[in-house]
Amino acid sequence: MQRVAIVDTGLCNVDSIWRALEQCGAKGDVTRDPHDLDVADKIVLPGVGAFPDAMRLLNEYGLVDAIRENVIDHGIPVLGVCLGMQLLASRSCEVAPTDGLGLIPGDVVRLLPLGGERVPHVGWNEVHANRASLLLGSIPDGADFYFVHSFHLRCLASDDVVATTPYCGGVTSMVERDHIFGTQFHPEKSQLHGLTLLKNFVAI
């Protein structure tokens, strides 16, 4: 059984993602202890709220170095969810310029309505693949997932963008670089397709 460390910054309720991972056959461990990441097979970084607050808490708990070491040096797969995906970036402009984990080169920027769209972007929306991804196995292109966000990750390299969503001129809804994955939507709240995506992550 795969042991998945679910990083708890205290900014969101992690129960739903813990239950979803358990339903997918993984052993989910909710933790703020950097040493728990050292014995995990996978890492999930969930989150809601403001980017600077999350990075401050990750630094306070010693999790920034632990995440980078395990992902970069030991090749442990990581999945960032919603704010967690944004934290993978180089930096964010939310509230104040703040450095991220630097695992996916790019900047987190505010959604800009182009045709009367509402920000924050809340609700179900389509996810269209730009390229093949291990996480999208058995999921039809254009499947709906659940979103809640006002910012998104603008990647430096187009190859890191796995999927986009037609909102505010195009939202980066999934990223992938080697064993580093991110979803702007919430798979744990996205019913069957979300569970399939999490199963695919656990199976990597």
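What follows is a conversation between a colleague and a modeller about a predicted model of one protein chain.

Colleague: Why is the protein chain called as compact as a globular protein of its length?

Modeller: The radius of gyration of the protein chain is 15 Å, and the globule rule gives 17 Å for 204 residues; the two values are close, so the chain counts as being as compact as a globular protein of that length. Its C-alpha trace spans about 45 × 40 × 30 Å along the principal axes, and the chain holds 6 helices and 13 strands.

Colleague: What makes a residue count as buried, and how many of the 204 residues do so?

Modeller: A residue is buried when its relative accessible area is under 20%, and by that cut-off 54% of the 204 residues are buried. The accessible surface of the chain comes to about 8,800 Å², and carbon and sulfur atoms account for 49% of that surface.

Colleague: How do you know which residues line the largest pocket?

Modeller: A lining residue must have an atom within 4 Å of a pocket point, and the residues listed for the largest pocket are V48, G49, C82, L83, Q86, E94, V148, H149, S150 and F151. Two elements, α5 (83–87) and β9 (143–149), each give two or more residues to this lining. The volume of the largest pocket is about 150 Å³.

Colleague: What makes the lining of the largest pocket divide as it does into nonpolar, polar and charged residues?

Modeller: Val, Leu, Phe and Cys are among the residues that count as nonpolar, whereas Glu counts as charged and Gly as polar; on that basis the lining divides into 5 nonpolar, 4 polar and 1 charged.

Definitions and conventions. Residues numbered from 1 in each chain as written. Predicted model: local features only at pLDDT ≥ 70, side-chain atom pairs only at ≥ 80, totals over all residues. Heavy atoms only, no water. 1 Å grid on protein atoms, 1.4 Å probe; cavity = no way out; pocket = protein on both sides within 12 Å on 5 of 7 lines; lining within 4 Å. Points joined across faces, edges and corners; volume = space filled by probe spheres on them. Helix = DSSP H or I, 4+ residues; strand = E, 2+ residues; numbered from the N terminus. Rg over C-alpha atoms; globule rule 2.2 N^0.38 Å. Buried < 20%, exposed > 50% of the residue type's maximum accessible area, 1.4 Å probe, protein only. Areas by Shrake-Rupley, 256 points an atom, 1.4 Å probe, with all protein chains shown as cover.
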